[in-house]
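Subject: Structure for your attention

Dear colleague,

I am passing on the structure we discussed, and below it you will find an account of what came out of the analysis. Please read the text with the structure open beside it.

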Amino acid sequence: GVPSRALMQRAGAASAGEIALRFRDRLHEGVVVLAGPGNNGGDAWVVARALAASGVRVRVIEPVPAKTPDCIAERALALDVIDVAHVVTGSVPESIDRGEAIVIDGLLGTGGRGAVAGILAEAIGRANAMRERGATVIALDVPSGVDATTGAADGVAIVADLTLTFGTAKRGQLVNRGAC
């Protein structure tokens, strides 16, 4: 009986709190948030807004514009706090890495199935490259590219250092722990 947007706000706020608690010493180096078009992207916008409101330097990469009503609404709220110059929509800049210490993956959520392609695959590849150079990657609910039910990662998938899941653990997270 709880509206989906209220759940999104709770999940995003709790995630931002957990990130601040666990990675307090890295937040001063900045955060890049990858926001997808669906409700996982809405979660990402809530996290971005909460971190920016607490003084963290946040950049948001939105490869595909917000599509769900909840995501659109949370995006609008976040843009009241985040400098629009720090938001890239409709593309993935060739060099998304500007030295931020934390990458937040909110591209695809539990509904993601099959191989990720195109611009979202580019974003995943660049996030993984940031991890290889030492950034901490945090996935919201399930790493993008990992099937929440089966754990399959057909093609490119986020390799997260931490996954903050909502509701309950997903079977796919247990099967593919290496990505989570």
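**Thr-68 and its surroundings**

Leaving out the residues up to four places away in sequence, Thr-68 has contacts with Pro-37, Gly-38 and Asn-39. Please keep in mind throughout that this is a predicted model. Thr-68 sits in the loop that runs between strand E2 (58-62) and H3, and because its relative accessible area is 23%, Thr-68 counts as partly exposed. Gly-109 lies 41 residues from Thr-68 along the chain, and the C-alpha atoms of these two residues are separated by 13 Å.

**The chain as a whole**

The protein contains five helices and six strands, and when these are read along the sequence they follow the pattern α-β-α-β-α-β-β-α-β-β-α. The C-alpha atoms fill a box of roughly 45 × 40 × 30 Å, taken along the principal axes. For 180 residues, a compact globule would be expected to have a radius of gyration near 16 Å, and the 14 Å found for the protein agrees with that. Buried residues account for 52% of the 180 residues. If one takes the contacts between residues at least 6 apart in sequence, 78% of them join residues that are at least 24 apart.

**How H1, H2 and H3 pack**

Two packed helices are described by the angle between their axes and by the distance between those axes, and the three pairs below are set out in that way.

Helix H1 (residues 4-22) and helix H3 (residues 69-79) pack at an angle of about 50 degrees, with 10 Å between their axes, and H1 and H3 are therefore oblique to each other. The crossing in which H1 passes H3 is right-handed. On the H1 side this contact is made by Ser-4, Arg-5, Met-8 and Gln-9, and on the H3 side by Asp-70, Cys-71, Ala-73, Glu-74 and Leu-77. Sorted by class, the residues in the contact of H1 with H3 are four nonpolar, two polar and three charged.

For H1 and H2, the axes come within 8 Å and cross at roughly 50 degrees, so that H1 and H2 are likewise oblique to each other, and H1 passes H2 in a crossing that is right-handed. From H1 the contact draws on Met-8, Gln-9, Ala-11, Gly-12, Ala-13, Ser-15, Ala-16 and Ile-19, while H2 contributes Asn-39, Gly-42, Asp-43, Val-46, Val-47, Ala-50 and Leu-51. By class, the contact of H1 with H2 is made up of nine nonpolar residues, five polar and one charged.

The remaining pair to describe is H2 with H3, whose axes are 8 Å apart and make an angle of about 15 degrees. Since an angle under 35 degrees counts as roughly parallel, H2 and H3 are therefore roughly parallel to each other, and their crossing is left-handed. Here the residues in contact are Asn-39, Gly-41, Gly-42, Trp-45, Val-46 and Arg-49 of H2, together with Asp-70, Cys-71, Glu-74, Arg-75, Leu-77, Ala-78 and Leu-79 of H3. The contact of H2 with H3 divides by class into six nonpolar, three polar and four charged residues.

**Two further residues**

Ala-44 belongs to helix H2 (residues 39-53), and because its relative accessibility is 0%, Ala-44 counts as buried. Apart from residues up to four places away in sequence, Ala-44 touches Val-33, Leu-34, Ala-35, Gly-106 and Leu-140. The C-alpha atoms of Ala-44 and Ser-15 are separated by 9.2 Å, although the two residues are 29 apart along the chain.

Asp-141 is found in the loop between strand E5 (136-140) and strand E6 (162-164), and with a relative accessible area of 9% Asp-141 is buried. What may interest you about its backbone is the phi angle of Asp-141, which is near 75 degrees, a positive value in a residue other than glycine. For context, most residues other than glycine have a negative phi.

With best regards

Conventions
Residues numbered from 1 in each chain as written. Predicted model: local features only at pLDDT ≥ 70, side-chain atom pairs only at ≥ 80, totals over all residues. Heavy atoms only, no water. Axes fitted to C-alpha atoms, helices over the stretch in contact; angles between N-to-C directions. Helix = DSSP H or I, 4+ residues; strand = E, 2+ residues; numbered from the N terminus. Parallel < 35°, antiparallel > 145°, perpendicular 65-115°, else oblique. Left-handed = near helix turned anticlockwise from the far one by under 90°. Contact = heavy atoms within 4.5 Å. Nonpolar A, V, L, I, M, F, W, Y, C, P; charged D, E, K, R; others polar. Rg over C-alpha atoms; globule rule 2.2 N^0.38 Å. Buried < 20%, exposed > 50% of the residue type's maximum accessible area, 1.4 Å probe, protein only.
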